[in-house]
Amino acid sequence: MTMTAPIEPARIRNVVLVGPRDAGKTTLVEQLALATGALTRSGSVEEGTTLSETEDALSLVSVEWQGVRINLLDTPGEADVESEVRAGLRAADAALFVVSADEGVDAATAMLWDECAAVSMPRAIVVTKADRDRADVEATVEECQLALGSDGGVLPVQLPLLSDDEQLAGILDLVSQRILDYSGGVRVEREPDPQHVDFIADARAALLVAIIAGTEDDTLVGSFLGGGEIPAESLAASLDRAVARGQIHPVVVTATTPLGFGSLELLQVITREFPSPLESPLPVVTASDGSPRVPLTCEPTGPLCVEVVRTSDDADGGRVSLVRVYSGTLHADATVHVAGHDRRDQAGVERTREEHVGRIVSAPTPVTALGAGDIGLVTGLPHVVVGDTLSSRELPLLLEPQVRPGGTAKPPLSGSPGRDGQGLDAT
Ligand SMILES: Nc1nc2c(ncn2[C@@H]2O[C@H](COP(=O)(O)OP(=O)(O)OP(=O)(O)O)[C@@H](O)[C@H]2O)c(=O)[nH]1
Ligand SMILES: [Mg+2]
């Protein structure tokens, strides 16, 4: 194994994929891995050859694109594995709501959306299966706007273009006003045809108004009000901020035919518009005995603070833990302090102890260290349970139960607010 330095938090995106059963989440992870070059050939859900293999459990696939590590957390769409979805939401900084163009949204997905909205978690919607005969992208977008969009923030940023024989031919990007043409078998970026100009103006009107309403860029507002040319770059920058703040929820379109349709456009949304861990609220932390500690900062050089998000047993009976590092750097083969809220003995005294970290995998690649903001899989740690805090032996820490989608229902022990509370300044 080669030594790996932790990746800078600014170059990480943690994204969970949620949505109805069969919406195309696992296939989408595969398509994104293919588009980044992590895969050379797409696996198939039917053949059981996809990267995120487990049908009924949360799984992690990490890809790298344009210098950014994207940790994709694929969740199962079954209602009876809600805990897996919640674990995914807890570990991620943004959510992709995956909805197929022939099936639409279900009630469970709308409920999850509302929970994310309550804590302003950044969200985007991916309308999949645009290539299917029964696909109706426009109707699906409208359905999402009704079922998910009570804040008016659900807005298409891309529209599919069809050829004369009704096949998917390209994507119109409403921000850049460019066409991504997939009709020739490879993706080519080009200017729109003159006859498209009016159609584009109509389609982007609502998006423009929403971006202008939320922007702090006075020059942009000036150009808009003056009816002048709006620079695509400042428009894109304002959109990025509105998405990262959870105000605009962009809708993009994908399909498996033509191969990779919409994948690069979605990667761009994830890397440009979704927040890095630096922009996400950090959980409140105490010493193991509940006494106050200085708030965490998302830095690889900070005190080690890691949450166990999910555990499972591997084929050899060993324990595999999916972990999110909030602060510091977790090293393979290190000895860590383990603390948890469910580990009190009958006298109410906390039983904390030390355990040994085995291998670390930034799925699917073994790494020697995982830095602040990152998510990975860790072996060893035979007795940890979901919600445990891993920290250094020198500075033992305990994460407060979190108040956010996927957070535990238990009230915080010391009465201080959780991850999304305003208590980050309190020590
Ligand atoms: N034609 C077409 N089929 C697709 C597309 N995306 C997914 N599918 C198919 O839809 C089915 C469901 O896809 P999955 O990726 O397993 O969906 P999922 O959301 O992961 O499903 P669960 O994990 O069970 O909730 C599979 O048969 C896929 O091959 C697409 O863009 N176009
Ligand atoms: Mg799946």
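The exercises below, each with a worked solution, concern a predicted model.

**Exercise 1.** Determine the strand order of the open sheet that contains β1, and explain which of its strands stand at the edges and why one side of each is left without a neighbour.

*Solution.* Begin with the order, which reads β2-β3-β1-β4-β5-β11-β6 across 7 strands, with mixed pairing. Next consider the ends of that order: β2 (59-65) and β6 (154-156) each have a single partner strand, so one side of each lacks a neighbour in the sheet. Neighbouring strands of this sheet are turned against each other by 25° on average, direction ignored. Finally, take one pair inside the order: β5 (residues 123-128) and β11 (residues 249-253) run parallel and are joined by 3 bridges, and here I125 stands opposite V251 in β11.

**Exercise 2.** Find which strands helix α3 and helix α4 lie across, and give the angle of each helix to one of those strands.

*Solution.* Helix α3 (residues 107-118) lies across β1 (12-18), β4 (94-100) and β5, and its direction is at about 160° to β4. Helix α4 (residues 137-147), in turn, lies across β4, β5, β6 and β11, running at about 150° to β5.

**Exercise 3.** Locate the largest nonpolar core with respect to domain 1 and domain 2, and describe the surroundings of V127.

*Solution.* The largest nonpolar core comprises 107 residues, and those with the most contacts inside it are V15, A95 and V127. Among the contributors, β4 gives the most to this core, with 6 residues. Because domain 1 (9-279) and domain 2 (285-425) both give residues to the core, it lies between them. For V127, leaving aside residues up to four places away in sequence, the residues touched are V99, A101, V137, T140, V141, V251 and V253.

**Exercise 4.** Decide whether E8 is buried, partly exposed or exposed, and state how far E8 lies from P300 in sequence and in space.

*Solution.* E8 is placed in the segment before β1. A residue needs 20 or more C-beta neighbours within 10 Å to be buried and 12 or fewer to be exposed; E8 has 18 inside 10 Å, and therefore counts as partly exposed. Although 292 residues separate E8 from P300 in sequence, their C-alpha atoms are 7.7 Å apart in space.

**Exercise 5.** Identify the residues that stand opposite V378 in β20, and the strands through which β20 is paired.

*Solution.* Strand β20 (residues 375-380) is mostly covered, with 5 of its 6 residues buried. β20 pairs with β14 (residues 319-327) in the antiparallel sense over 4 bridges, where S321 stands opposite V378. β17 (residues 353-362) also runs antiparallel to β20, joined by 3 bridges, and I360 stands opposite V378 there.

Notes: Residues numbered from 1 in each chain as written. Chains lettered and ligands numbered in written order. Predicted model: local features only at pLDDT ≥ 70, side-chain atom pairs only at ≥ 80, totals over all residues. Pairing = 2+ DSSP bridges. Helix = DSSP H or I, 4+ residues; strand = E, 2+ residues; numbered from the N terminus. Axes fitted to C-alpha atoms, helices over the stretch in contact; angles between N-to-C directions. Contact = placed C-beta atoms within 7 Å. Core = buried A, V, L, I, M, F, W, Y, C linked by C-beta atoms within 7 Å. Domains from an automatic or database assignment.
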